[in-house]
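Notebook open, structure loaded. I want to go through a few spots and jot down what I find.

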Amino acid sequence: MKVYTMCCRSKLLIAFALILISYKINAAYQEPNTDPQHQLHQSTESAQMKEGKPHTQPKNIGKQRKPEKELVEVQERVQNSVNKVDLENPVGKIEFDTIKLVVADFSKEKDGKKVPDMLFDILENQKRMIQKIAKEIEEIDSRKHSAGSLANEIPPKLEVNDADQIYERAMMVLNKTKVDRVLGHKLMVEAAGKGHSIARSHVAWGQLLGNPVSLDIESARTSFQELAEEGLPDAHMGLGFMYASGIGFNVSQAKAMLHYTMAAAGENSWAQMALGYRYWAGVGVPNSCETALDYYRKVATNVASQVTFSGGSAVHRIRLQDEVDNSGPSSGILDNDLIDYYQLLADKGDVQAQVGLGQLHYQGGRGIPLDHQRALQYFSQAANSGNAVAMAFLGKLYLEGSDNIKANNETAFKFFKKAADLGNPVGQSGLGIMYLHGKGVRKDTLKALKYFAKAADQGWVDGQLQLGNMYYSGIGVQRDFKLAIKYFSLASQSGHVLAFYNLGQMHAVGLGMMRSCPTAVELFKNVAERGKWTNRLMSGYQDYRSYRFEEAFMQYALLSEMGYEVAQSNAGFLLDREEVNLFKNRGEELLRALQYWGRAAAQGYSAAQVKLGDYHYYGMGTLIDYEMAASHYRMASEQQNNAQAMFNLGYMHEQGLGMKKDIHLAKRCYDLAADSSVDAKVPVTLALIKLQLLFKLESLKETPLKIMFDLDENIASNWDLYLITAITILFGAALYFRRPVTAAGVQRAETNNPVAYNHNNMNEVETDDRRGQNNDLHNIDPPIN
């Protein structure tokens, strides 16, 4: 039994040894040992084992003096080899092999009692050797990793930190309520000089758009190309825009799509909007509502998450074509003189002027930048006079806080309470917000619901939105999607961005209604176009008013790629009026203008639809195509009752251009144009007079006088020119013969016929005497014959 137990123990140890021996490790080297003493030691051990004699072991196995000496030798050889590799080979070029540890075969061992002890000794030595070699390998790997990471880092670490700090300062300046673009750009340039990639991208965008620095397309292109190689999403967006608009590169929609896609993958909101618009409108790609929905939803979620209680700054959309059509600025931008007048009234204590100026500075718009500090000043003056609206807006200011206004829940609650007690819906909605979220007061959803209902009953948008949120989420009430849709729809009619977003989410998943992808895309697109980048619409308009047409065009072109219809029509307008000198020739400008007008028309702008008809009628940027022109005019007249389109259709019916000649249809179109616009009445009246003449002439052709109309074809085709020439001649002759008689002419008439002249004078004298007038000139005696 004892021998059997020892054999089992030997077999178990051998199996355990084989398992450990199969463990393979990666080493930085494998160098054969050429030490003659070591080879001799190994040969001696082999001879002893072949003879059945185990090599000498100390009595105390725990000490193991001889294996420790061998391990020291191994460690020295490993260290020497590592140093040799470090000197001869670069760290990045070390080739890793596999080390295999071989143990002697003990199958022929005669003394079974001593086999386990010898195996235990060998295994312990090999275990320690493996641990030391593995430790050396880890050190080599760590040196390689640290060397690779240091190669990619900027050597001066302190300079990198400085660049980050300067960039953060620049972003703080640009994200303030009252933005200082010049200072922000200056800090960005400083951070870019220290190697900050995102700051370099900001500087490149400033150079490309010409705001707030001078236009420098070449420098922007170089920066974008370098940063794109590093994988910066903003740089890919810049290259995509340049390829799409043909600025700095030849137009390539395929490359534009490539760069837009890479930028969108990096969560660039501009690129996501550009791709969403392209998939929605089918620009360069097949229409895909679902793909457009994915992109627009991402941007809309980002924009909605940044909306504050104030609703953000107002978005003012100005169409340059409308200003021209209305004969002067009609954009609603307040003139400086008008602003000065309101300020004068406010300084004199006019409460309505104080409230109006406060609201303008609180939300911005109409040419007034956001300035919460001045809004606080005007609201405070009006609130001191007991104005409830001013009190409510003071509550909003103190509830949210601002750059120079510290948030204070107690002060906000005080002003909201005063305004609500006076029946003001803004104050009621503010109290509802504070009770709903427990700001400065104990959370009470029932009171919140009561105040929101009071505000909504008076038509206040915030009350409607919050009621929709409560019914949507089931906060304080039973969840009811139908009521949520009702209140969201009411709030969206007042233009609240969160109402559009919530409705978009419900349409996207079919919550409480039938799912509608197109409706969801339109709602999310509306939200996305309320982002902070929308202020470039006003920047472009200010550049246009300052006669910086290239800079205005660049900003409008960028927003056009992002799907803004206003920007598309304005970009086409600038190219149409030859006010941009960024392209090679006039033909290229007209071709691009036609593209911008087409995109704006596809989004429902009737004036752009009329422009498309004009371009096809006159062959501008395309071939002359009367049928296509008539098609665009017809769409503009049927969809939006555009008076100009109706008038043009009437003329084409009258002349038979692109359609069958029909005087009756022409008259109908002229009448519709006059009914649609007061401005069209005068040209329509003249056109109808001409049409009546044509109708009479057509009637005369059925009489014996028709021989008068059998004229030469060239004369008949240009009859209106001949008619105008004849009328001009007759008018000139009438003026000539009715010219006043001069003194020289009177003297010549007296000399040539004195008797007749005397007779006439006598008659005039009698007439003057009857009227009681004295005229010495008529009393001259007749000359003596």
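Before the first entry, a reminder to myself: helices here are DSSP runs of H or I with at least four residues, numbered from the N terminus. I also keep in mind that this is a predicted model.

**Entry 1: helix α33**

I looked up Leu686 and found its place in helix α33, which covers residues 681-700. Is Leu686 buried or exposed? Exposed means over 50% relative accessible area. Leu686 is at 56%, so I put it down as exposed. Then I checked what Leu686 belongs to on the surface: a nonpolar patch that it forms with Val682, Ile689 and Leu693. Together the four have about 410 Å² of accessible area.

**Entry 2: helix α17**

Next I went to α17, residues 388-400. I get 19 Å from the first C-alpha to the last for its 13 residues, close to the 18 Å expected at 1.5 Å a residue. How many of its residues are buried? I noted 10 of 13, so the helix is mostly covered. Among the buried ones are Met391, Phe393, Leu394, Leu397 and Leu399, and Lys396 is on that list too. I then asked what covers them. The cover includes α15 (351-363) and α16 (372-384), along with α18 (409-421), α19 (425-437) and α21 (461-473).

I looked at both ends as well. At the start of α17, Asn387 has a side-chain oxygen within 3.0 Å of the backbone nitrogen of Val389. After the helix comes Gly401, with a positive phi near 80 degrees.

**Entry 3: helix α31**

I ran the same checks on α31, residues 643-655. This helix has 13 residues and reaches 19 Å between its end C-alphas, against an expected 18 Å. Its buried residues include Met646, Leu649 and Met652, and I also find Asn648, His653 and Glu654 among them.

At the start of α31, a side-chain oxygen of Asn642 comes to within 3.0 Å of the backbone nitrogen of Gln644. Just after the helix, Gly656 has a positive phi of about 75 degrees.

**Entry 4: His196**

Last stop: where does His196 sit? I found it in the loop between α6 (181-193) and α7 (197-209). Buried means under 20% relative accessible area; His196 is at 11%, so it counts as buried. Leaving out residues up to four places away in sequence, I list Ala163, Asp164, Tyr167 and Ala191 as what His196 touches.

Key:
Residues numbered from 1 in each chain as written. Predicted model: local features only at pLDDT ≥ 70, side-chain atom pairs only at ≥ 80, totals over all residues. Heavy atoms only, no water. Patch = residues over 30% accessible without salt bridge, like charges linked within 9 Å, V, L, I, M, F, W, Y side chains within 5 Å. Areas by Shrake-Rupley, 256 points an atom, 1.4 Å probe, with all protein chains shown as cover. Salt bridge = Lys/Arg side-chain N within 4 Å of Asp/Glu carboxyl O. Helix = DSSP H or I, 4+ residues; strand = E, 2+ residues; numbered from the N terminus. Buried < 20%, exposed > 50% of the residue type's maximum accessible area, 1.4 Å probe, protein only. Expected span 1.5 Å × (residues − 1). Polar contact = N/O pair within 3.5 Å; in protein donor to acceptor, adjacent residues only side chain to side chain. Contact = heavy atoms within 4.5 Å.
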